[in-house]
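Open the model in your viewer and keep the sequence panel beside it. The tour goes stop by stop, with something to select at each.

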Amino acid sequence: MDAYSGYNQIKMHKPDEEKTAFTTDQGLYCYTIMPFGLKNAGATYQRLVNKMFARQIGRNMEVYVDDMLTKASQQIDIQMT
């Protein structure tokens, strides 16, 4: 599974929102959710995913940043024609 947009699910810490401010012709804006390009976005997301799936990781699931692999307990035969 690919959780490509997973970063967009993490809310920014309120005091840190102003640190992501940028200006446009329409005004001043800041992110309320974690944007992809932040320095620690990857580490923050990995820590969150590890916490959410702590019981499954190593048993029936593997996670690396935004890629998740789940394992079945029984073997499934797939025939390709």
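Two rings of Phe, Tyr or Trp count as a pair if their centres lie within 6.5 Å. By that rule, a search of the whole structure finds two aromatic pairs. Select Phe-22 and Tyr-31 for one of them: the ring centres are 5.6 Å apart and the planes meet at 45°, so this pair is tilted. Add Tyr-29 to the selection. Phe-22, Tyr-29 and Tyr-31 form one aromatic cluster. Now show the surface. Phe-22 is partly exposed, at 35% relative accessible area. Tyr-31 is also partly exposed, at 36%.

**The whole chain**

Zoom out and colour by secondary structure. This is a predicted model. The protein chain has one helix and four strands. Along the sequence, the pattern reads β-β-α-β-β. Of the 81 residues in the chain, 22% are buried. Take the contacts between residues at least 6 apart in sequence: 31% of them join residues at least 24 apart.

**Glu-17**

Go to Glu-17, in the segment before β1 (22-24). Is Glu-17 buried or exposed? Its relative accessibility is 10%, so Glu-17 counts as buried; the cut-off for that is under 20%. Show what surrounds it. Beyond its neighbours within four places in sequence, Glu-17 is in contact with Met-12, Cys-30, Tyr-31 and Thr-32. Tyr-31 links this stop to the aromatic cluster, where it sits with Phe-22 and Tyr-29.

**The largest nonpolar core**

Keep Met-12 and select the rest of its core. The largest nonpolar core has 10 residues: Ala-3, Ile-10, Met-12, Met-34, Ala-41, Tyr-45, Val-49, Met-61, Val-63 and Met-68. Which elements give two or more residues to this core? They are α1 (41-52) and β3 (61-64). The most comes from α1, with three residues. In soluble globular proteins, nonpolar side chains tend to be buried together.

Centre on Val-49, one of the core residues. Leaving aside neighbours within four places in sequence, Val-49 is in contact with Ile-57, Val-63, Val-65 and Met-68. Val-63 and Met-68 belong to the core as well.

**The largest pocket**

Last stop: select Met-12 and Met-34 again, and add Asp-16, Leu-38 and Thr-44. Of the 13 residues lining the largest pocket, these five lie nearest its centre. The pocket's volume is about 180 Å³. How do the lining residues divide? Five are nonpolar, four polar and four charged. Met-12 and Met-34 therefore deserve a second look: both line the pocket, and both are in the largest nonpolar core.

Conventions:
Residues numbered from 1 in each chain as written. Predicted model: local features only at pLDDT ≥ 70, side-chain atom pairs only at ≥ 80, totals over all residues. Heavy atoms only, no water. Buried < 20%, exposed > 50% of the residue type's maximum accessible area, 1.4 Å probe, protein only. Contact = heavy atoms within 4.5 Å. 1 Å grid on protein atoms, 1.4 Å probe; cavity = no way out; pocket = protein on both sides within 12 Å on 5 of 7 lines; lining within 4 Å. Points joined across faces, edges and corners; volume = space filled by probe spheres on them. Nonpolar A, V, L, I, M, F, W, Y, C, P; charged D, E, K, R; others polar. Core = buried A, V, L, I, M, F, W, Y, C linked by side-chain atoms within 4.5 Å. Phe/Tyr/Trp six-rings, centres within 6.5 Å; stacked < 30°, edge-to-face > 60°.
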